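Grab a pencil and work through these exercises on the structure below. Try each task before you read its solution.

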Amino acid sequence: MTGKDVAHLEEARGTIPPGTRINITFLGNEPPELRLRAARAAARLGFVPVPHLSARRLRSRAEAAEFLAALREAGAAEDVFVVGGDPAVPQGPYADALSLLRSGLLQEYGVRHVGVSGYPEGHPAIGEPVLWSAIEEKAAVLREQGLAGSVITQFGFDVEPVLRWVEDLRERGVDLPVRVGVPGPAGVRRLLSYATRFGVGTGAGIARKYGFSLTNLMGTAGPDRFVRSLAERYDAGRHGDLGLHFYTFGGIAATADWVAAQV
């Protein structure tokens, strides 16, 4: 959710199981108070708020500390998600997510679990060797600092690269739980716009497997085939601890309703 989605979360609360982890994005055009309001709402409604920290958007250690202190006061500091963020040039002392993890600041404010990013289909601005090195180092730092962790992947439409990436991750010795990014039901045009932004494959073959057509952009698509295929091909021995993370591009209620209908 974003900081502006509190009303939508309240509307969908009856469909979302208590204890569900609700990620709260760190958008550059939203003031901290909006994110804090969203975190407080998630906690109040019985969910686990997971505020995002965008390392390159933090202008100083003091600003980061102030935000973490406010999260702690709101009872929303135990679980966070740390990402490098969009700015090409850091706005403060943190060049990437790893530098924020190494700062020791998170533990000072009660953080116990840290989510980090995974990119099964690569990143449009970061090379594959750098991505692998980063996730291996993040896992090592979390281990050294006694922090629990997990990986949330970018969303995608094709199960094959996701499972191949998870196998590679395990072979590299990273045993963090992985939550596979899944787009909630949404309009095809919207899904494609996000896919283009984040470098996710959307070829005709992939589109057919997922269940939408590139020639008909007016329809909607859900993750039915993707999730079913993921479940059928999941192997605990090769893939380890695997779960799902839903990106609610079509809205919180639409995603919650879809999930509830599968249970």
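**Exercise 1. Find out how helix 6 and helix 7 lie on the sheet.**

Step 1: Start with helix 6 (residues 128-144), which lies across strand 4 and strand 5 and runs at about 170 degrees to strand 4. Angles here run from 0 to 180 degrees between N-to-C directions, with axes as lines fitted to C-alpha atoms, for helices over the stretch in contact. Contact means heavy atoms within 4.5 Å. Helices (H or I, at least four residues) and strands (E, at least two) are DSSP runs, numbered from the N terminus.

Before going on, know your source: this is a predicted model, where local features need pLDDT of at least 70, side-chain atom pairs count only at pLDDT 80 or more, and totals for chains, interfaces and linings use all residues. Residues are numbered from 1 along each chain as its sequence is written, and side-chain values use heavy atoms, leaving out hydrogens and water.

Step 2: Now take helix 7 (residues 159-171), which packs on the sheet and touches strand 4, strand 5, strand 6 and strand 9. The direction of helix 7 makes about 165 degrees with that of strand 6.

**Exercise 2. Work out the strand order of the open sheet and look at two of its pairings.**

Step 1: The open sheet has 7 strands in the order 1-2-3-4-5-6-9, with parallel pairing. Two strands pair if DSSP finds at least two bridges between them.

Step 2: Which are the edge strands? They're strand 1 and strand 9 (242-247), since each pairs on one side only. From one strand to the next, the twist averages 30 degrees.

Step 3: Zoom in on strand 4 (residues 113-118) and strand 5, which run parallel and are joined by 6 bridges. Here Val114 stands opposite Gly149 in strand 5.

Step 4: Strand 1 and strand 2 pair in the parallel sense too, over 4 bridges, and Ile24 stands opposite Pro51 in strand 2.

**Exercise 3. Decide what is buried and what is exposed.**

Step 1: Get the cut-offs straight: buried is under 20% relative accessible area, exposed is over 50%, and partly exposed is in between (1.4 Å probe, protein chains only).

Step 2: Strand 2 (residues 48-54) is mostly covered, with 6 of its 7 residues buried.

Step 3: Is Glu128 buried or exposed? Glu128 belongs to helix 6, and its relative accessibility is 54%, so Glu128 counts as exposed.

Step 4: In helix 8 (residues 188-198), the buried residues are Val188, Leu191, Leu192 and Ala195. Looking down the axis of helix 8, you'd see them fall within an arc of 95 degrees (taken from the directions from the helix axis to the C-beta atoms), so they line one face of the helix. They pack against strand 5 (148-155), strand 6 (178-183), strand 7 (186-187) and strand 8 (220-221).

Step 5: Check what follows helix 8: that's Gly199, with a positive phi near 70 degrees.

**Exercise 4. Classify the ring pair of Phe26 and Phe67.**

Step 1: Rings of Phe, Tyr and Trp (its six-membered ring) pair if their centres lie within 6.5 Å; planes under 30 degrees apart are stacked, over 60 edge-to-face, and the rest tilted. That rule gives 9 aromatic pairs.

Step 2: The centres of Phe26 and Phe67 are 6.1 Å apart and their planes are at 85 degrees, so this pair is edge-to-face.

Step 3: Place the two residues: Phe26 is in the loop between strand 1 (21-24) and helix 2 (32-44), while Phe67 is in helix 3 (residues 61-73), 41 residues apart. Both are buried.
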